[in-house]
Amino acid sequence: MTSAATRTRLAFIGGLTFFMAVLSALLWGLWLLVVWMTAANQVPVNHLTIQGEHKYLSRDDVRQAVLALPEVGNFFALEVDQVQQQLQSLPWVYQASVRKQWPDTVRVYLVEQQAAARWNQNAMLNTQGEVFRASPQGLQLVSLSGPDEESARVLEEYRHVQTLLQPRGYEIERVHLTPRRSWELTLTSGIKLLLGREDIEARLQRFIDVYPGIEQRERVAYLDLRYDTGLAVGWKQDEETDNDQKRGKKSDRRA
């Protein structure tokens, strides 16, 4: 009985030792494989596939943005999220999706920004009213301005007033929301409309009704519609006279 128990114990120990040896060999081999896979230039990214319609986005800019990542020399070390963040930092990229394809390819699908308007002179708005900064590249866009946090509201208001004015033959050149949240419109004819903060639609309707009856409309500089009824007209000649008077006062002070 003692001999049988000893043999059983030895067999168990031998089997356990063999199992541990096999497991150690597998772990060692796995570790070597990981080391080889993550070693620089063992499995480099050799192909970059770019998909999506791009009107203003340069493929070379996309390629250079990916190549600038230090991990691009290793297919396994390259993080998809990092590539995505790198691409979405490009001016004309609205959205990027990235995936890796064995053995050495990175596939990129890009959605380009859709410009809806210029914003505060040095930026643009996309169709969602979000601010982005990119070169306009000759785009003919309406000029919108105001606090950045109100960009979507300004774009929405522009679209609304455009539906009121465009059918009457008036084109909008600029919409401005002042720091006091007062609306100002400039038409392509150069006339500025001061609309205030309330009853914008009613005030625009007043402009549509009254403006055609104003004599010498070519001399109108601005129309102040911030009244319950009626409006005030500012004439171009009045502006020039005011400027002359200001210059005259400065000259008198110098004398």
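1. Among contacts between residues at least 6 apart in sequence, where contact means heavy atoms within 4.5 Å, 45% join residues at least 24 apart in this protein. The model is a predicted one, in which local features need pLDDT of at least 70 and side-chain atom pairs count only at pLDDT 80 or more, while totals for chains, interfaces and linings use all residues. Residues are numbered from 1 along each chain as its sequence is written, and side-chain values use heavy atoms, with hydrogens and water left out.

2. The protein has 6 helices and 12 strands, both taken as DSSP runs numbered from the N terminus (helices are H or I with at least four residues, strands are E with at least two). Of its 255 residues, 32% are buried, a word that stands for under 20% relative accessible area, with exposed meaning over 50% and partly exposed in between (1.4 Å probe, protein chains only). The accessible surface amounts to about 16200 Å², and 51% of this belongs to carbon and sulfur atoms; such areas come from the Shrake-Rupley method with a 1.4 Å probe, and for residues only the protein chains shown count as cover.

3. One open sheet has 3 strands in the order 1-3-2, with mixed pairing, where two strands pair if DSSP finds at least two bridges between them. Strand 1 (47–51) and strand 2 (93–101) are at the edges with a single partner strand each, so one side of each has no neighbour in the sheet. On average, and with direction ignored, neighbouring strands of this sheet are turned by 20 degrees against each other (axes are lines fitted to C-alpha atoms, for helices over the stretch in contact, and angles run from 0 to 180 degrees between N-to-C directions).

4. Strand 2 and strand 3 (residues 105–112) run antiparallel and are joined by 8 bridges; Lys 100 has Val 106 in strand 3 as its bridge partner. Helix 2 (residues 59–67) packs on the sheet, where it touches strand 1 and strand 3, and its direction makes about 135 degrees with that of strand 1. Helix 3 (residues 80–88) lies across strand 2 and strand 3 and runs at about 155 degrees to strand 2.

5. Is His 176, which belongs to strand 8 (residues 172–177), buried or exposed? His 176 counts as buried because its relative accessibility is 18%. Leaving aside residues up to four places away in sequence, His 176 touches Ser 145, Gly 146, Ser 182, Trp 183 and Glu 184. The side chains of His 176 and Ser 145 are joined by a polar contact of 2.7 Å, that is, a pair of N or O atoms within 3.5 Å, of which, within protein, one must be able to donate a hydrogen and the other to accept it, and residues adjacent in sequence count only if both atoms are side-chain atoms.
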